Amino acid sequence: MIKCLIFDLDGTIGNTLPLCIAAFKKSIEPLAGRALSDQEIIDTFGPSEEGTVQALIPAHYEQGVADYLQHYNDLHEMCAAPFEGIVELFDYLKDRNVRLALVTGKGEQSTEITLDIFGIRSYFDVIETGSPLGPRKVQGIKNVLKQLGAAPEESLYVGDAPSDIEASRAAGVAVVSAAWAETADTEQLLPLQPDRLFTTIQEFKQYIQQAV
């Protein structure tokens, strides 16, 4: 029985990855003096947004971070709400006393912007954000389990990226690949053998109803 669900944010709770890339381009390109491809930005992911700025325009770090957060907030109308069905899923889980947590690679400030706009902060018992120094989801998941007193075998991580599968395995928890975003790539996810993979939130909810 699952007693604790840990969610990723970008591409799992909302379609925020296109927003992130647009905000990076608006903030970094003027300071870098050149255009950036989507892939060039995506290749820096793992660390938080601060890490992306450090990787691409280290000489303009503070300005780049400030500009990114401003553009991220201003452009958030690109993704004004979570995926359809996510809030209803959270309500269902809360009604059954399942503990909810968030472990994201996003920085603390951008995470707060999205949680505020989505209106979902109150659902999460624990929130673990990213680091500019590098990926820390393994530590984030372990911190959630410790803070909630949750057993790994009664917990489940839900994320859309190959790195989410790897982090969950390293933290000793089962993992569901969330492949319902347009940015998800099942051809990358399936070879890593997640415990489950769902292409719709409705399918995921049906699975969860049998597991909690």
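**Exercise 1. Decide whether A170 counts as buried, partly exposed or exposed, and place this residue in the fold.**

Solution. At a relative accessibility of 47%, A170 counts as partly exposed, because the buried class ends at 20% and the exposed class begins over 50%. The model examined here is a predicted one, and in this model A170 belongs to helix α8, which covers residues 162–171. The next step is to look for partners beyond the immediate sequence: when neighbours within four places are left aside, A170 is in contact with V138 and K142. Finally, the C-alpha atom of A170 is separated by 9.4 Å from that of Q139, a residue 31 positions away along the chain.

**Exercise 2. Work out how the overall dimensions of the protein chain agree with those of a compact globule.**

Solution. Begin with the expectation: for 212 residues, a compact globule would have a radius of gyration near 17 Å, and the protein chain has 17 Å, so the two agree. Then consider the extent along the principal axes, where the C-alpha trace spans about 55 × 35 × 30 Å. Burial can be added to this picture, since buried residues make up 50% of the 212 residues. Among contacts with a separation of 6 or more, 67% are between residues 24 or more positions apart. The secondary structure of the chain consists of ten helices and six strands.

**Exercise 3. Describe the surface of the protein chain and the placement of its charges.**

Solution. The accessible surface comes to about 9800 Å², and carbon and sulfur atoms account for 47% of it. As for charge, the chain carries 16 positive and 31 negative charges, and the mean positions of these two sets lie 7 Å apart.

**Exercise 4. Identify the buried residues of helices α3 and α6, and find what covers them.**

Solution. Take α3 (49–56) as the starting point. This helix is mostly covered, with six of its eight residues buried, namely E49, E50, G51, T52, V53 and L56. The elements covering these buried residues include α1 (17–32), α2 (38–42), α4 and α6. Turning to α6, which runs over residues 108–118, the buried positions are S110, T111, I113, T114, L115 and F118. Their cover includes α3, α4 (61–74), β2 (99–103) and β3 (126–128), so that α3 and α6 each appear in the cover of the other. After α6 comes G119, which has a positive phi, near 70 degrees.

**Exercise 5. Locate H76 and determine which residues it touches.**

Solution. H76 sits in the loop between α4 and α5 (86–95). Although it is a loop residue, H76 is buried, with a relative accessible area of 2%. Once residues up to four places away in sequence are excluded, H76 touches T16, L19, I113, T114, I117 and F118. Of these partners, I113, T114 and F118 are among the buried residues of α6.

**Exercise 6. Explain why C79 has no disulfide bond to C20, and state how many disulfides are counted.**

Solution. The cysteine sulfur closest to that of C79 is in C20, at 9.1 Å. A disulfide requires two cysteine sulfur atoms within 2.5 Å, and the separation of C79 and C20 is therefore too far for a bond. The count for the model comes to zero disulfides. Burial is a separate matter: C79 is buried, with a relative accessible area of 5%, and C4 is also buried, at 1%.

Conventions: Residues are numbered from 1 along each chain as its sequence is written. This is a predicted model: local features need pLDDT of at least 70, side-chain atom pairs count only at pLDDT 80 or more; totals for chains, interfaces and linings use all residues. Side-chain values use heavy atoms; hydrogens and water are left out. Buried means under 20% relative accessible area, exposed over 50%, partly exposed in between (1.4 Å probe, protein chains only). Helices (H or I, at least four residues) and strands (E, at least two) are DSSP runs, numbered from the N terminus. Contact means heavy atoms within 4.5 Å. The radius of gyration is taken over C-alpha atoms; the globule rule is 2.2 Å times the number of residues to the power 0.38. Accessible areas come from the Shrake-Rupley method with a 1.4 Å probe; for residues, only the protein chains shown count as cover. Lys and Arg count as positive and Asp and Glu as negative; His and the chain ends are not counted. The place of a charge is taken as NZ of Lys, CZ of Arg, CG of Asp or CD of Glu.
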